[in-house]
Amino acid sequence: MPISHIEHFLIQTADIEATRDWYVNVLGFREGPHPDFKFPVVWLYLGDTDVVHLTQGGKDVSANRTAYLGQQSAATIGSGVVDHIAFRCTGLSEMMERLKRSQVEFRKRMVDDQGLFQLFLFDPNGVKIELNFAN
């Protein structure tokens with residue numbers, strides 16, 4: 001059940017292009033490929049690793065985005081713009097058993113085009129956590 005590393009974090013923004021440009025021009029990230037989620041998204045890479053994901057935030061997000069990710073905050077400024085933190089993991093069945101024993105509710109999702117099985121849960125502060133396992 002080990003968690004090996006942080007995988008990415010998602011920032012919801014009112015201006016995806018300006019946010020992308022800032023990460024690219026100021027911090028040296030590069031825009032790279034991402035799946036078609038049927039809502040606006042930009043993935044920013046360091047080397048070959050996507051680290052920062054950007055999507056539309058605020059109160060008027062698309063129905064596709066709400067259905068796919070949910071939305072805990074409508075913020076587009078401040079620390080409320082971080083929608084979730086994702087970790088790469090191994091030991092799916094052990095993790096699900098651990099969560100059940102700890103009485104932590106979670107959602108499951110299979111992402112076929114990325115070869116991922118995902119668990120979504122919330123920490124005690126309401127921060128959404130995404131756990132990614134090889135499919």
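## Exercises on a mixed open sheet and its helices

In this predicted model, 8 strands form an open sheet of mixed pairing, ordered β2-β3-β4-β1-β5-β8-β7-β6.

**Exercise 1.** Determine which strands are the edge strands of this sheet, and how many bridges join β1 to β5.

*Solution.* Begin with the edges: β2 (30–32) and β6 each pair on one side only, and they are the edge strands. Next, consider the relative orientation of neighbours: they are turned by 30 degrees against each other on average, direction ignored. Then turn to β1 and β5 (residues 82–89): these strands run antiparallel and are joined by 7 bridges. One residue pair can be named here, as H5 has R88 of β5 for its bridge partner.

**Exercise 2.** Establish which elements α1 lies across and which strands α3 touches.

*Solution.* Helix α1 (residues 16–27) lies across β1, β2, β3 (41–46) and β4 (49–56), and runs at about 155 degrees to β4. Helix α3 packs on the sheet through β1, β6, β7 and β8, and its direction makes about 20 degrees with that of β7.

**Exercise 3.** Identify the buried residues of α3 and explain why they line one face of the helix.

*Solution.* First, list the buried residues of α3: M95, M96 and L99. Second, view the helix down its axis: these residues fall within an arc of 100 degrees, and therefore they line one face of α3. Third, find what covers them; the cover includes β1 (3–13), β6 (107–111), β7 and β8. Just after the helix, Q103 takes a positive phi of about 55 degrees.

**Exercise 4.** Describe the largest nonpolar core and state which elements each supply at least two of its residues.

*Solution.* The core has 10 residues: C89, M95, M96, L99, F117, L119, L121, I129, L131 and F133. At least two of them come from each of α3 (92–101), β7 (116–122) and β8 (128–134). Apart from this core lies another, of 9 residues, including F29, V42, L44 and V52. Returning to F133, its contacts beyond four places in sequence include C89, M95, F117 and L119.

**Exercise 5.** Classify the aromatic pair F37 and F39 as stacked or edge-to-face.

*Solution.* A search of the whole structure finds 4 aromatic pairs. For F37 and F39, the ring centres are 5.6 Å apart and the planes stand at 20 degrees, so the pair is stacked. F37 also pairs with W43, at 6.2 Å centre to centre and 45 degrees between the planes, which is a tilted arrangement. As to burial, F37 has 14% relative accessibility and so counts as buried; W43, at 8%, likewise counts as buried. Elsewhere, ring pairs link W22, Y23 and F29 into a cluster.

Terms used:
Residues are numbered from 1 along each chain as its sequence is written. This is a predicted model: local features need pLDDT of at least 70, side-chain atom pairs count only at pLDDT 80 or more; totals for chains, interfaces and linings use all residues. Side-chain values use heavy atoms; hydrogens and water are left out. A nonpolar core is a set of buried Ala, Val, Leu, Ile, Met, Phe, Trp, Tyr and Cys residues joined through side-chain atoms within 4.5 Å. Buried means under 20% relative accessible area, exposed over 50%, partly exposed in between (1.4 Å probe, protein chains only). Helices (H or I, at least four residues) and strands (E, at least two) are DSSP runs, numbered from the N terminus. Contact means heavy atoms within 4.5 Å. The arc is that of the directions from the helix axis to the C-beta atoms. Two strands pair if DSSP finds at least two bridges between them. Axes are lines fitted to C-alpha atoms, for helices over the stretch in contact, and angles run from 0 to 180 degrees between N-to-C directions. Rings of Phe, Tyr and Trp (its six-membered ring) pair if their centres lie within 6.5 Å; planes under 30 degrees apart count as stacked, over 60 as edge-to-face and the rest as tilted.
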